[in-house]
Amino acid sequence: MKMDQVLLTARVAPENGGFIAKLEQLSLEGLGDSVQAAQDELILVLRAWIETQDGQDCLEKALAKAGFLGVEEETEVQLEFLD
């Protein structure tokens, strides 16, 4: 089945006097002094991860391994932060 959109969900939690934003579906995280800084860092990390996977022609395979089957080149990837 073709997938038009992938929705990734992340959570932010306090850690060591700062904050950590975790995207457990892909084992990615971002650190920051504030919630917004941690979220921004995770967005940058995710973009770099997508570019790396796409550059190696294995983005679809990496997302399938994370449980997102049917991903194609046109599939939109969205990141949502949960409270």
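Strand S4 makes the greatest contribution to a patch of negative charge, supplying three residues. The patch lies on the surface of this predicted model and brings together Glu51, Asp54, Asp57, Glu72, Glu73 and Glu74. Two elements, helix H1 (35–55) and strand S4 (71–82), each provide at least two of the patch residues.

**Strand S4**

- Glu72, one of the residues in the negative patch, is located in strand S4.
- The relative accessible area of Glu72 is 34%, so this residue is classed as partly exposed.
- Glu76 also belongs to strand S4.
- With a relative accessibility of 41%, Glu76 is likewise partly exposed.

**Contacts of Glu76 across the sequence**

- Once neighbours within four places in sequence are set aside, Glu76 is in contact with Asp4, Gln5 and Val6.
- Glu76 and Met3 are 73 residues apart along the chain, and their C-alpha atoms are separated by 8.8 Å.

**Helix H1 and Val45**

- Val45 is a residue of helix H1, an element that supplies at least two residues of the negative patch.
- Val45 has a relative accessible area of 24% and is therefore partly exposed, since the buried class is confined to values under 20%.
- Beyond its neighbours within four places in sequence, Val45 makes contact with Leu28 and Glu29.
- Between Val45 and Ala64, the C-alpha to C-alpha distance is 19 Å, for a sequence separation of 19 residues.

Notes: Residues numbered from 1 in each chain as written. Predicted model: local features only at pLDDT ≥ 70, side-chain atom pairs only at ≥ 80, totals over all residues. Heavy atoms only, no water. Patch = residues over 30% accessible without salt bridge, like charges linked within 9 Å, V, L, I, M, F, W, Y side chains within 5 Å. Areas by Shrake-Rupley, 256 points an atom, 1.4 Å probe, with all protein chains shown as cover. Salt bridge = Lys/Arg side-chain N within 4 Å of Asp/Glu carboxyl O. Lys, Arg positive; Asp, Glu negative; His and termini not counted. Charge placed at Lys NZ, Arg CZ, Asp CG, Glu CD. Helix = DSSP H or I, 4+ residues; strand = E, 2+ residues; numbered from the N terminus. Buried < 20%, exposed > 50% of the residue type's maximum accessible area, 1.4 Å probe, protein only. Contact = heavy atoms within 4.5 Å.
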